Amino acid sequence: MNKNGTMWLDTDGNPIQAHGGMIEKFDGIYYWYGENKAGETVLKENGLHRVDFIGFSCYSSADCISWKNEGLVLKASDQPGSPLHKSRVGERPKVLYNEKSRKYVMWFHLDSHDYMTAHTGVAVADRPTGPFQFVREMCPNRFDSRDMTLFKDTDGKAYLIYSSDWNKTLRIAQLTDDYLDVNGVYSHAFPEQEREAPAIFIKDGLYYMITSGCTGWEPNNALFGISHNIFSGWKLIGDPCTGENARQTYFGQSTYVFEKDGRHYLMLDHWNPSNLKESGYSILPVRADNGHLTVSFQEYTSL
Ligand code: GAL
């Protein structure tokens, strides 16, 4: 069984390469999408550690415990000038199923190697295991966009939540009915609070958003906010973590909250900046009750 905070192995015994990822259930099977970082980590002149963009992996599981490698579902390109060129940044892929088009739609952070372009990418597939076809690169509603997530509301409307204004403010953009674009309706949350790595869920009609601070690959303390409305009234509440190493989010960073059998779980990345492919994961139970939120560390999570 995989231990929280460490590297995890797939059913072939290889390290799971699905960082900055997400888990969702499509047609009775759980799928885990994330960044494949199985390349060499290099330290760039700007002081940032990076791995060339390889693509996004997918793993599948019936129980959320053993994960089968389904390969790269969106691949980086060697073609000079390609929006998916390996010299660029592709991070935090998130996938939604669109009931109307019956397509799987992936959004992700797409950037230049130095994170100065700050765009979003969109891709689409007929099956959860891809292959995903690249659709577009964009500046959602003309704003810069770095860390991001997707959220599908109970009414089927979907939203892109992204760190914007040089990571000072999170923006919330409604997607078009086919989920392939933004529709121009947008709002923001936590202005000037410098939050990133957003993970959203809804419980008993209340929206919860867990975020990290902006310290690159280094851990910091998580903060969560709540709102009765996806668009307005977001209130920053406090740190959901408790006990030892709570102020460093147990040395992890939020990436997604998923639901299994009526319970919510927070996925964390435990980045290893000098060797990113050896970054670990945690899946921790989330207790949300009437605006209170607690995420406690446990070595092994029973799912
Ligand atoms: C973090 C972000 C990661 C990655 C990293 C690069 O702030 O959450 O997804 O972009 O910076 O330094």
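This report walks through the ligand site, the pockets and cavities, and two backbone oddities of the structure above. The model is a predicted one, so take it in that spirit.

**The ligand and its pocket**

Let's start with the ligand, which sits in the largest pocket. That pocket has a volume of about 500 Å³. Its lining is made up of 23 residues, and L48, Y115, N167, E196 and G216 are the ones closest to the centre. Sorted by class, the lining of the largest pocket holds eight nonpolar, seven polar and eight charged residues.

Which residues are found around the ligand itself? The shell consists of L48, E91, R92, Y115, D147, E196, G216, W217 and Q253. Four of these shell residues are charged, three are nonpolar and two are polar. L48, Y115, E196 and G216 turn up both around the ligand and among the residues closest to the centre of the largest pocket.

Three side chains put a polar atom at a short listed distance from a ligand oxygen, and here they are side by side:

| Side chain | Partner | Distance |
|---|---|---|
| E91 | ligand oxygen atom | 2.7 Å |
| E196 | ligand oxygen atom | 2.3 Å |
| Q253 | ligand oxygen atom | 2.9 Å |

How much of the ligand's accessible area does the protein cover? On its own the ligand has 310 Å² of accessible area, and the protein covers 93% of that.

**The second largest pocket**

Next comes the second largest pocket, with about 410 Å³ of space. Here 19 residues form the lining, and the ones closest to the centre are E24, F151, K152, Y256 and E259. Several strands chip in: β1 (19-26), β7, β11 (148-152), β15 (196-203) and β19 (253-260) each bring at least two lining residues. The largest share belongs to β19, which gives four residues. As for chemistry, the lining of this second largest pocket counts eleven nonpolar, two polar and six charged residues.

Strands β15 and β19 are worth a second look. E196, whose side chain has a polar atom 2.3 Å from a ligand oxygen, falls at the start of the range 196-203 given for β15. Likewise Q253, with a side-chain N or O atom 2.9 Å from a ligand oxygen, falls at the start of the range 253-260 given for β19.

**Closed-off space**

How many cavities of 30 Å³ or more are there? The count comes to two. The largest cavity has a volume of about 120 Å³. It is lined by 16 residues, with K37, V51, F53, G90 and E91 closest to its centre. So E91 does double duty in this description, as DSSP-independent bookkeeping of lining residues is simply based on an atom within 4 Å of a point; E91 also belongs to the residues around the ligand.

Both β4 (49-50) and β7 (89-98) supply at least two residues to the lining of the largest cavity. Strand β7 has the largest share, at three residues. The lining of the largest cavity splits into seven nonpolar, three polar and six charged residues.

The second largest cavity offers about 80 Å³ of space. Its lining consists of M1, N2, N4, W8, C64, I65, W67, I283, T301 and L303. What is the class make-up of that lining? Seven of the residues are nonpolar, three are polar and none is charged.

**Two backbone oddities**

Most peptide bonds are trans, and most residues other than glycine have a negative phi. Two spots go the other way. The peptide bond from G130 to P131 is cis, with omega near 0 degrees. P131 belongs to the loop between β9 (119-125) and β10 (133-138).

The other spot is A197, a residue other than glycine that has a positive phi, near 50 degrees. A197 is part of strand β15, one of the strands that supply at least two residues to the lining of the second largest pocket.

Methods:
Residues are numbered from 1 along each chain as its sequence is written. This is a predicted model: local features need pLDDT of at least 70, side-chain atom pairs count only at pLDDT 80 or more; totals for chains, interfaces and linings use all residues. Side-chain values use heavy atoms; hydrogens and water are left out. On a 1 Å grid over the protein atoms alone, a cavity is a set of points where a 1.4 Å probe fits but cannot get out, and a pocket is an open set with protein on both sides within 12 Å along at least five of seven lines; lining residues have an atom within 4 Å of a point. Grid points are joined across faces, edges and corners, and a volume is the space filled by probe spheres set on the points. Ala, Val, Leu, Ile, Met, Phe, Trp, Tyr, Cys and Pro count as nonpolar, Asp, Glu, Lys and Arg as charged, and the others, Gly among them, as polar. A residue is near a molecule or strand if one of its heavy atoms lies within 4 Å of it. A polar contact is a pair of N or O atoms within 3.5 Å; within protein, one must be able to donate a hydrogen and the other to accept it, and residues adjacent in sequence count only if both atoms are side-chain atoms. Accessible areas come from the Shrake-Rupley method with a 1.4 Å probe; for residues, only the protein chains shown count as cover. A molecule sits in a cavity or pocket if more than half of its atoms lie within 2 Å of its grid points.
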